[in-house]
Every structure is written in structure tokens, then in C-alpha cells.
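Biologist: Could you take me on a close look at the ligand site of this protein? I would like to follow the chain around it, one piece at a time.

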Amino acid sequence: MTDPTPLKLTFDAARCDGWGMCTFVFPEGISLDPWGFAHVTPEPVSEPKLQRRARRAAACCPRRAITVVTTPPPPTGAPGERE
Ligand code: SF4
């Protein structure tokens with residue numbers, strides 16, 4: 001089975017009200033900053049279990065501050081070998 005396409009979370013800080021529900025759903029990728037607002041990992045999320053949590057965290061945000069986007073896998077091989 002191939003690895004799923006990595007996901008990334010985008011975060012709109014202007015929308016975040018600091019409720020913190022996202023951190024309970026996806027603590028591996030979202031934390032609260034010292035002011036109580038969300039801090040979202042910039043790293044791609046590849047593991048299926050963590051991808052489910054990332055999607056749930058985005059869905060549970062009452063302010064729709066988190067969006068899940070699919071990232072294409074990085075190109076492999078030397079530049080001349082790529083298609
Ligand atoms: S659930 Fe939404 S509003 Fe609440 S801390 Fe997370 S991103 Fe901010």
C-alpha cells in the first residue's frame with residue numbers, strides 16, 4: 001500500500017478566538033501559544049491516523065480558522081531524471 005498524500009494545515013490567525021478545541025483533537029500538530037491562540041505545525045502530516053485527527057481538528061474549529069490542504073509529494077531523482 002502506498003503512503004497517503006501528505007496534508008498540510010493552514011491557519012488564519014485573524015479568525016482564531018483561542019477556544020483551544022483543536023489542540024484536544026490534534027495535539028501532535030496544534031498547540032496553544034502563550035496568549036492562548038493556536039499554533040499549527042508547518043510540517044506535512046503523512047500518517048493516516050494523524051491525518052484523520054488533522055481533518056477533525058479543522059472540522060471542529062468554530063471559527064473555521066484551520067484548513068487542510070493536500071500537498072503533492074516532493075519530486076524524486078535528479079532534475080534531468082524527472083518526468
Ligand atoms: S479551535 Fe479554532 S478558534 Fe479554537 S484555538 Fe483552534 S484554531 Fe483557534
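Modeller: Happy to: here is the ligand site, along with the loop and the core that share residues with it. Please keep in mind that this is a predicted model, in which local features need pLDDT of at least 70 and side-chain atom pairs count only at pLDDT 80 or more, while totals for chains, interfaces and linings use all residues. Residues are numbered from 1 along each chain as its sequence is written.

For orientation, the protein has 2 helices and 4 strands, in the order β-α-β-β-α-β from the N terminus. Helices (H or I, at least four residues) and strands (E, at least two) are DSSP runs, numbered from the N terminus.

Now to the ligand. The residues around it are Cys16, Asp17, Gly18, Trp19, Gly20, Met21, Cys22, Ala38, Cys61, Arg63, Ala65 and Ile66, where being near means that the C-beta atom, placed from the backbone, lies within 6 Å of the molecule. This shell divides into 8 nonpolar, 2 polar and 2 charged residues. Here Ala, Val, Leu, Ile, Met, Phe, Trp, Tyr, Cys and Pro count as nonpolar, Asp, Glu, Lys and Arg as charged, and the others, Gly among them, as polar.

Arg63 is one of the shell residues, and its place is in the loop between H2 and S4. Leaving aside neighbours within four places in sequence, Arg63 is in contact (C-beta atoms, placed from the backbone, within 7 Å) with Arg15, Cys16 and Asp17. The C-alpha atoms of Arg63 and Trp19 are separated by 9.2 Å, although the two are 44 residues apart along the chain. Arg63 counts as partly exposed because 14 other C-beta atoms lie within 10 Å; the cut-offs are 20 or more for buried, 12 or fewer for exposed, and partly exposed in between, with C-beta atoms placed from the backbone.

Arg64 sits in that loop as well, between H2 and strand S4 (66-70). Arg64 has 11 C-beta neighbours inside 10 Å, so it counts as exposed. Its phi is positive, about 55°, although Arg64 is not a glycine. Most residues other than glycine have a negative phi.

Finally, the core. A nonpolar core is a set of buried Ala, Val, Leu, Ile, Met, Phe, Trp, Tyr and Cys residues joined through C-beta atoms within 7 Å. Of the 15 residues in the largest one, Cys22, Ala38, Ala57 and Ile66 touch the most other members. Strand S1 (7-11), strand S3 (38-40) and helix H2 (48-60) each supply at least two residues of this core, and H2 gives the largest share, 3 residues. Cys22, Ala38 and Ile66 are also among the residues around the ligand.

Key. Two residues are in contact if their C-beta atoms, placed from the backbone, lie within 7 Å.
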